[in-house]
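Hi everyone, thanks for coming. I'd like to walk you through one structure today, a few residues at a time, so please have a look at it while I talk.

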Amino acid sequence: MKFAFAVLLIVIALAARGNSPALSRATNVCTVRILVINYDPILSNGMRLSRHMKWNDPRPMTTNLMRYLGECSGGFARYEMVDFMDMNSFPEKRDGFRYTEQTFLEMWKDRKKAHKPDSVSYAAIFKEQNLVERVKKDDVREIWLWGAPYFGTDEYAMKIPGDQVFYGTTNPWFYRPYDIPDCGRTVWVMGFNYEVGEDNALHSYGHRVEGILSLTVGQGVWDEKAGETNVWSRFTRHSKQFPDDAQVGNVHYAPNSRSDYDYSRTNVVLSGADDWFNYPQLTGNKKIVNCDTWGKPHHLNFMKWWLNHLPKNMGTTAGFYNNWWRYVVDYDQVVQELPPPGGKPHKAKTAMY
């Protein structure tokens with residue numbers, strides 16, 4: 001009895017070391033601190049651009065997105081907002097151009113006047129807002145940029161220290177550092193558009209998931225035809241390419257889609273999507289699915305349905321964590337703890353800039 005009591009005291013003492021990252025991971029929670037920057041200039045009529053154009057309010061959308069991601073990750077990704085910054089300015093583009101109220105509204109009436117090249121200068125945003133310092137000081141993992149169409153942000157961008165990836169790939173889509181400064185840790189920069197809704201924002205987040213899982217679990221490969229051994233590629237199979245082996249699909253293709261963005265199709269197919277809740281113990285069981293499976297609004301709900309099906313179980317398989325969300329929101333820690341098998345850190349030779 002004395003021995004058992006002593007062991008119990010040790011367990012309690014260890015549990016009392018409550019705030020360590022290791023304990024958070026053991027309890028299956030990863031806190032993701034984000035900084036939100038809303039480029040929404042005040043116009044000469046006293047109204048912000050988003051309100052003047054009768055577009056969406058990014059504040060409630062931010063709150064909802066944080067909640068959706070927590071729910072879809074099974075509570076693993078606990079998003080925490082450090083700050084929400086309203087910018088009374090238009091962001092600078094990579095060639096130094098910056099819209100004004102007059103030039104933007106004129107362009108909106110005639111899109112042929114849109115400035116080219118369109119790409120925003122992430123370097124300028126980081127410099128103007130002292131983001132390298134804030135990332136370090138406030139333990140920021142992600143920066144969410146809200147803005148209007150033609151502000152030039154991509155759906156997602158990321159910067160891995162030293163641009164060091166583990167697998168060679170010829171697909172520049174996977175790694176998107178652009179001109180983001182090196183912050184000494186991996187930083188994600190999400191580009192959200194307040195003209196459109198939360199469905200498009202989750203869509204952008206889904207592309208981020210596709211990119212990082214291709215660079216990790218997919219070992220530099222994302223090809224539905226890659227074979228049974230590439231579990232990431234198999235996860236994304238859909239009925240158009242694999243009539244007899246539809247799985248969860250991808251961000252553009254639901255399991256029953258016949259074309260891009262086809263989330264409202266009523267035709268039914270057999271899909272192994274729910275089997276991925278059992279990963280890595282896949283049974284091969286399939287169920288009938290169609291747009292009623294995720295429900296209306298079809299775009300938003302399919303994005304949540306798709307993200308929710310990402311494996312998030314304990315343990316490892318073939319050198320990778322069974323909780324794929326770890327690669328999505330805790331990349332640095334994950335690859336340090338469990339270096340991707342067969343991979344060797346090297347500077348990305350092909351990247352989308």
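Let me start with D154, which you'll find in the loop between strand 3 and strand 4 (156-159). Before going further, please keep in mind that this is a predicted model. So, is D154 buried or exposed? Its relative accessible area is 16%, and buried means under 20%, so D154 counts as buried. If you measure your way across to R94 on screen, that residue is 60 positions away along the chain, and the C-alpha atoms of D154 and R94 are separated by 13 Å.

That same loop between strand 3 and strand 4 also holds A148. A148 is buried as well, with a relative accessible area of 7%. Which residue sits 6.1 Å from A148, C-alpha to C-alpha? The answer is Y194, and the two are 46 residues apart in sequence.

Now back to R94, and on to salt bridges. The side chain of R94 meets that of D179 in a salt bridge, with 3.8 Å from N to O. This pair links distant parts of the chain, 85 residues apart. D179 is in the loop between strand 5 (164-165) and strand 6, while R94 is in the loop between strand 2 (77-87) and helix 5 (101-109). The two partners have their own burial classes: D179 is buried at 17% relative accessible area, and R94 is partly exposed at 44%.

How many salt bridges does the count come to? It comes to 23. Let me show you two others. R326 and D330 meet through their side chains at 3.9 Å, N to O, and both of these residues are buried. R134 bridges to D138, where the closest N and O atoms are 3.0 Å apart. R134 is buried, and D138 is too. There is also a network here: salt bridges with shared partners join D83, R134, K137 and D138.

Next, the empty space, which I suspect this group will enjoy. Rolling a probe the size of a water molecule over the atoms shows where empty space is left. The structure holds 1 cavity of 30 Å³ or more, and the volume of the largest cavity is about 40 Å³. Around it you can pick out Y39, P91, I125, L145, W146, G147, F151, T153 and F192. Which strand supplies the largest share of that lining? That would be strand 3 (residues 142-147), with 3 residues. By type, the lining of this cavity splits into 7 nonpolar residues, 2 polar ones and no charged ones.

Then there is the second largest pocket, at about 320 Å³. Its lining takes in 24 residues, and those nearest its centre are T153, E155, G191, N193 and S204. Strand 3, strand 6 (187-193) and helix 8 (198-215) are the elements that each give two or more residues to this lining. Helix 8 gives the most, with 5 residues. In the lining of this pocket, the split is 9 nonpolar, 12 polar and 3 charged. If you're following along on screen, T153 is worth clicking on: T153 is in the lining of the largest cavity, and T153 is also among the residues nearest the centre of the second largest pocket.

A few words on the backbone. Which peptide bonds are cis? One of them runs from K116 to P117, with omega near 0°, and P117 is in the loop between helix 5 and helix 6 (122-128). Another joins K296 and P297, with omega about -10°. You'll find P297 in the loop between helix 10 (291-294) and helix 11 (298-308).

As for phi, K54 has a positive value near 60° and is not a glycine. K54 lies in the loop between helix 3 (49-52) and helix 4 (58-72), and it counts as exposed at 76% relative accessibility. Y261 is also a non-glycine residue with positive phi, about 65°, in the loop between helix 9 (231-235) and strand 7 (269-271).

Let me finish on the surface. V268, L270 and I288 make a nonpolar patch of about 300 Å². I288 belongs to strand 8 (residues 287-289), and it counts as exposed, at 58% relative accessibility.

That's my tour. Thanks for listening, and I'm happy to go back to any of these spots.

Terms used. Residues numbered from 1 in each chain as written. Predicted model: local features only at pLDDT ≥ 70, side-chain atom pairs only at ≥ 80, totals over all residues. Heavy atoms only, no water. Patch = residues over 30% accessible without salt bridge, like charges linked within 9 Å, V, L, I, M, F, W, Y side chains within 5 Å. Areas by Shrake-Rupley, 256 points an atom, 1.4 Å probe, with all protein chains shown as cover. Salt bridge = Lys/Arg side-chain N within 4 Å of Asp/Glu carboxyl O. Helix = DSSP H or I, 4+ residues; strand = E, 2+ residues; numbered from the N terminus. Buried < 20%, exposed > 50% of the residue type's maximum accessible area, 1.4 Å probe, protein only. 1 Å grid on protein atoms, 1.4 Å probe; cavity = no way out; pocket = protein on both sides within 12 Å on 5 of 7 lines; lining within 4 Å. Points joined across faces, edges and corners; volume = space filled by probe spheres on them. Nonpolar A, V, L, I, M, F, W, Y, C, P; charged D, E, K, R; others polar.
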